[in-house]
Amino acid sequence: ATHHFLSADDRDAIESALVTEYLPHVRVTVAEIDGRPVGFAGTAEGRLEMLFVHDAVRGRGIGSALLANAIEEQSVTALDVNEQNPEAVAFYIRKGFTVAGRSPRDDAGRPYPILHLTLAGE
């Protein structure tokens with residue numbers, strides 16, 4: 001719901017790579033409500049590599065709890081976020097991150113600008 005800027009082909013390519021290319025390289029923390037997964041965070045080497053919350057439960061503190069856990073338990077101090085996802089950018093800024101840089105393309109070379117954020121004071 002927050003990545004409406006992706007083309008359908010790019011969304012499909014990213015989704016198909018999640019299990020084989022992305023998830024094996026991160027520590028995954030899952031948030032649940034009544035035993036049902038509603039969000040997850042993936043971290044690696046002090047970086048938040050992914051954070052997703054199901055659209056039906058956004059705004060209920062799940063993303064905040066996942067991020068707090070990543071910072072406290074996995075020493076996260078940096079992350080990248082799509083510039084075209086203003087809600088996510090604002091979320092991370094509210095949580096104490098600042099923009100440290102920008103790339104005009106994502107790590108796969110697609111035309112989606114990336115903001116590089118670091119935790120203030122780090």
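In this predicted model, F52 is partly exposed, because its relative accessibility of 35% falls between the 20% limit for buried residues and the 50% limit for exposed ones. F40 is likewise assigned to the partly exposed class, with a relative accessible area of 22%.

Aromatic pairing was examined across the whole structure, and three such pairs were found. One of them joins F40 and F52, whose ring centres are 5.6 Å apart and whose planes meet at 40 degrees, a tilted arrangement. F40 belongs to strand β2 (residues 36-44), whereas F52 belongs to strand β3 (residues 47-53); the pair therefore ties together parts that are 12 residues apart in sequence.

A further pair is formed by F91 and Y92, with 5.1 Å between the ring centres. Their planes lie at 70 degrees, so this pair is edge-to-face, the class for angles over 60 degrees. Both partners are buried because their relative accessible areas are under 20%: the value is 14% for F91 and 7% for Y92. Ring pairs also draw in F97, so that F91, Y92 and F97 are linked into a cluster.

Attention was also given to D106, which is located in the loop between β5 (97-103) and β6 (114-119). This residue has a relative accessibility of 11% and therefore counts as buried, the limit being 20%. When neighbours within four places in sequence are set aside, D106 is in contact with Y112 and I114.

How values were computed
Residues numbered from 1 in each chain as written. Predicted model: local features only at pLDDT ≥ 70, side-chain atom pairs only at ≥ 80, totals over all residues. Heavy atoms only, no water. Helix = DSSP H or I, 4+ residues; strand = E, 2+ residues; numbered from the N terminus. Buried < 20%, exposed > 50% of the residue type's maximum accessible area, 1.4 Å probe, protein only. Contact = heavy atoms within 4.5 Å. Phe/Tyr/Trp six-rings, centres within 6.5 Å; stacked < 30°, edge-to-face > 60°.
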